[in-house]
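Me: Could you take a close look at one part of this model for me, the largest nonpolar core, and walk me through its residues and their surroundings? I would like one connected account rather than a list.

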Amino acid sequence: MEHYRQSVKEQRDQDQRKHEQYSQQLQSEIRALNQTLSVKQSDITQLNKDNGRLAAELGSIQKAAAKLETEQRKLTTDLDSKAEESDSLKIQLSELAAQVEELDKVKKLNEELQAWKAEASVSIGKLEAEISIKTDMMNRLLEEKTKAPEPK
């Protein structure tokens, strides 16, 4: 009978050690995931700042482009009556084309930034879901441990 009690006690102790090791492993994984999440959130914050800056630059460039386009139409109309001003108008037109090209580059960068931001959001969502699942599992294990009847 004593041998049986000792065997049951050893088995219970072994099970408890396994449970504690598993809980520690889960906690370690949660810490690692939290660190990864923190890095990703920092990246998103930086991307949001960059996006705001690029959006402001884009607005400024669009205003400049709209202004130059209006000026181009006026100069084109005056071209018929002012042939001597044609060289000046050609120079302004080439400057406008350069600004439009720069605007296209900024738009492309903004699109790439938005795509990266979407990917980062998806990654963060996956990490948050994984952390939630592991936290739930750990809480259930802890509840089971606390609900398990104490051996007498």
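**The core and its surroundings**

Reply: Happy to. Please keep in mind that this is a predicted model. Of the 152 residues in the protein, 18% are buried, and the core you ask about draws on that buried set.

Some background on the whole chain helps first. The protein has 2 helices and 0 strands. Its radius of gyration is 33 Å, well over the 15 Å from the globule rule for 152 residues, so the protein is more spread out than a compact globule. Taken along the principal axes, the box filled by the C-alpha atoms is roughly 120 × 20 × 15 Å. Helix α1 covers residues 2-79, and helix α2 covers residues 86-147. Among contacts with a separation of 6 or more, 91% join residues 24 or more positions apart.

Now to the core itself. The largest nonpolar core has 7 residues, namely L33, L37, I44, A120, I124, L127 and I131. Both α1 and α2 give two or more residues to this core, and α2 gives the most, with 4 residues. As a general background, nonpolar side chains tend to be buried together in soluble globular proteins.

L127 is a good place to start. This core residue lies in helix α2. L127 counts as buried because its relative accessibility is 14%, under the 20% cut-off. Leaving out residues up to four places away in sequence, L127 touches L33, T36, L37 and K40. Two of those partners, L33 and L37, are themselves listed in the core. The pair L127 and L33 is 94 residues apart in sequence, yet their C-alpha atoms are 6.8 Å apart in space.

Turning to the other side of that pair, L33 is in contact with L127, E130, I131 and K134, once its neighbours within four places in sequence are set aside. L127 and I131 are core members, whereas E130 and K134 are not in the core list. So what surrounds K134, buried or exposed as it may be? K134 lies in helix α2 and counts as buried, with a relative accessibility of 16%. Beyond residues up to four places away in sequence, K134 touches E29, I30 and L33. The contact between K134 and L33 thus appears from both residues.

Next, consider Q41, a residue in helix α1 that is absent from the core list. Q41 is partly exposed, at a relative accessible area of 38%. With neighbours within four places in sequence left aside, Q41 is in contact with I124 and E128. I124 is a core residue. Another core residue, A120, is 79 residues from Q41 in sequence, and the C-alpha atoms of Q41 and A120 are 8.6 Å apart.

G125 sits in helix α2, one of the helices that supply the core. G125 has a relative accessibility of 30% and counts as partly exposed, whereas L127, in helix α2, counts as buried. The C-alpha atoms of G125 and Q46 are separated by 18 Å, and these residues are 79 apart along the chain.

Two other residues let us look beyond the core. H19 belongs to helix α1 and counts as buried at 17% relative accessibility. Setting aside residues up to four places away in sequence, H19 touches L141 and K145. S88, in helix α2, is partly exposed, with a relative accessible area of 40%. S88 and L75 are 13 residues apart in sequence, and their C-alpha atoms are 9.5 Å apart.

Finally, a word on the surface and charges of the whole protein. The accessible surface comes to about 11600 Å², and 53% of that belongs to carbon and sulfur atoms. There are 25 positive and 29 negative side chains, and the centres of these two sets lie 8 Å apart.

To bring this back to your request, the core is a set of 7 residues to which α1 and α2 each give two or more. Within the core, L127 and L33 are in contact. Around the core, K134 is a buried residue that touches L33, and Q41 is a partly exposed residue in contact with I124.

How values were computed: Residues numbered from 1 in each chain as written. Predicted model: local features only at pLDDT ≥ 70, side-chain atom pairs only at ≥ 80, totals over all residues. Heavy atoms only, no water. Rg over C-alpha atoms; globule rule 2.2 N^0.38 Å. Buried < 20%, exposed > 50% of the residue type's maximum accessible area, 1.4 Å probe, protein only. Contact = heavy atoms within 4.5 Å. Areas by Shrake-Rupley, 256 points an atom, 1.4 Å probe, with all protein chains shown as cover. Lys, Arg positive; Asp, Glu negative; His and termini not counted. Charge placed at Lys NZ, Arg CZ, Asp CG, Glu CD. Core = buried A, V, L, I, M, F, W, Y, C linked by side-chain atoms within 4.5 Å.
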